[in-house]
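Here is a friendly walk through one protein chain and its ligand. Have the viewer open and follow along.

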Amino acid sequence: MQSALSVVNRRPGTGGHARRKGATCLRRIPHHAWLFRRLTDDLTYFTRGTGLDPDTRARFAARGIRVVETGVRKVVDDEAGALAGVRLDDGTVVARRVLAVATRTRARTEKLEGLNLPVEELPDGMGLRLASGTAGTTGVPGVWVAGNATDLTAQVGASAAAGALAGSHINALPAAADTDAAPAAHGATR
Ligand SMILES: Cc1cc2nc3c(=O)[nH]c(=O)nc-3n(C[C@H](O)[C@H](O)[C@H](O)COP(=O)(O)OP(=O)(O)OC[C@H]3O[C@@H](n4cnc5c(N)ncnc54)[C@H](O)[C@@H]3O)c2cc1C
């Protein structure tokens with residue numbers, strides 16, 4: 001799949017980890033370009049054949065974000081191994097110091113396939129999630145999900161909270177079942 005590239009010439013002192021951590025998806029990346037634009041006034045967007053709608057194009061122009069539609073051949077390093085720029089299909093090298101690449105997000109749920117849990121496609125090509133309801137219930141009785149398996153954007157706090165909530169609901173089930181069964185058991189021992 002083609003992915004757009006956002007490339008930033010970062011100002012000293014601004015976030016420099018985008019090359020390692022850039023993890024956005026194909027069609028959300030214009031949104032990420034708006035975010036990077038707050039860090040630098042020297043931002044280049046390489047479409048890599050993904051296309052830009054007229055409204056996004058106008059917004060890029062208004063924010064001074066340069067758009068390059070020539071294909072990207074490779075990322076070029078300098079002699080020291082640091083990022084030097086991006087070589088285009090026409091041989092031009094666009095000098096850049098920070099690079100962010102769009103990806104699709106997918107929870108590692110391969111081992112759960114046998115459960116046939118319903119999955120849901122998230123909007124804007126963001127990725128796939130296990131569908132869940134209140135407190136992490138799924139379409140399969142007795143299976144709850146929490147954290148990134150069902151909420152790809154959840155960070156540690158939200159994931160832990162969702163796990164705790166699912167846990168409390170899971171715990172409530174046998175407690176209710178014990179209580180439901182108690183009158184009959186109580187009657188039998190009388
Ligand atoms: C690059 C990056 C940077 C991030 N930075 C931050 C940040 O700064 N702050 C923040 O709050 N959040 C950050 N997050 C998000 C954070 O990592 C997640 O929100 C959090 O880890 C989700 O917790 P989780 O328990 O749902 O999933 P995970 O932490 O991924 O835990 C799932 C665990 O299940 C294990 N597992 C998977 N399959 C199986 C199997 N079949 N059997 C047994 N074990 C299995 C995995 O090995 C893993 O240990 C970042 C995420 C990424 C990718």
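## Around the ligand

Sorted by class, the shell around the ligand holds three nonpolar, five polar and three charged residues. This is a predicted model, so please read what follows with that in mind. In total, 11 residues surround the ligand, and the closest are Lys-111, Gly-147, Gln-155, Val-156 and Ser-159. Which helix gives the largest share of the shell around the ligand? That is helix α4, spanning residues 156–188, with three residues.

## The chain as a whole

Stepping back, the protein chain contains four helices and 10 strands. Along the sequence these elements follow the pattern β-α-α-β-α-β-β-β-β-β-β-β-β-α. The protein chain has 190 residues, of which 20% count as buried.

## Nonpolar cores

In soluble globular proteins, nonpolar side chains tend to be buried together. Here, the largest nonpolar core is made of nine residues: Ala-33, Phe-36, Leu-43, Tyr-45, Phe-46, Ile-65, Val-72, Val-86 and Ala-100. Both α2 (29–37) and β2 (43–46) supply at least two residues of this core, and β2 gives the most, with three residues. Another core lies apart from it and has seven residues, including Leu-130, Trp-144, Val-145 and Ala-166.

## From β2 over α3 to β3

Strand β2 deserves a second look for its side chains. Leu-43 and Tyr-45 point one way from β2, while Thr-44 and Phe-46 point the other way; all of these residues are buried. β2 pairs with strand β3 (residues 66–68) in the parallel sense over three bridges, and Thr-44 has Arg-66 as its bridge partner in β3. Between the two strands, the chain passes through α3, giving a right-handed β-α-β crossover.

How many residues of helix α3 are buried? The count is zero among its nine residues, 54–62, so the helix is hardly covered. After α3 comes Gly-64, with a positive phi near 70°.

## Two open sheets

Strands of a sheet pair through backbone hydrogen bonds, either parallel or antiparallel. In this model, one open sheet has three strands in the order β4-β5-β6, with antiparallel pairing. Its edges are β4 (72–77) and β6 (93–95); each has a single partner strand, so one side of each is left without a neighbour in the sheet. Direction ignored, neighbouring strands of this sheet are turned by 25° against each other on average. Within this sheet, Val-76 has Gly-85 of β5 as its bridge partner.

The other open sheet also has three strands, in the order β8-β10-β9, and its pairing is mixed. At its edges stand β8 (105–106) and β9 (119–121), each with a single partner strand, so one side of each has no neighbour in the sheet. In β10, the bridge partner of Thr-105 is Gly-127.

The table below brings together the strand pairs and their bridges.

| Strand pair | Sense | Bridges |
|---|---|---|
| β2 and β3 (residues 66–68) | parallel | three bridges |
| β4 and β5 (residues 83–88) | antiparallel | five bridges |
| β8 and β10 (residues 127–130) | parallel | two bridges |

## Tying the parts together

Strand β2 is a handy place to start when browsing the model. It gives the most residues to the largest nonpolar core, and it runs parallel to its partner β3. For the ligand, helix α4 is the element to select, as the source of the largest share of the shell.

Notes: Residues numbered from 1 in each chain as written. Predicted model: local features only at pLDDT ≥ 70, side-chain atom pairs only at ≥ 80, totals over all residues. Buried ≥ 20, exposed ≤ 12 C-beta atoms within 10 Å, placed from the backbone. Near = placed C-beta within 6 Å. Nonpolar A, V, L, I, M, F, W, Y, C, P; charged D, E, K, R; others polar. Core = buried A, V, L, I, M, F, W, Y, C linked by C-beta atoms within 7 Å. Pairing = 2+ DSSP bridges. Axes fitted to C-alpha atoms, helices over the stretch in contact; angles between N-to-C directions. Right-handed = clockwise from strand over helix to strand, strands pointing away.
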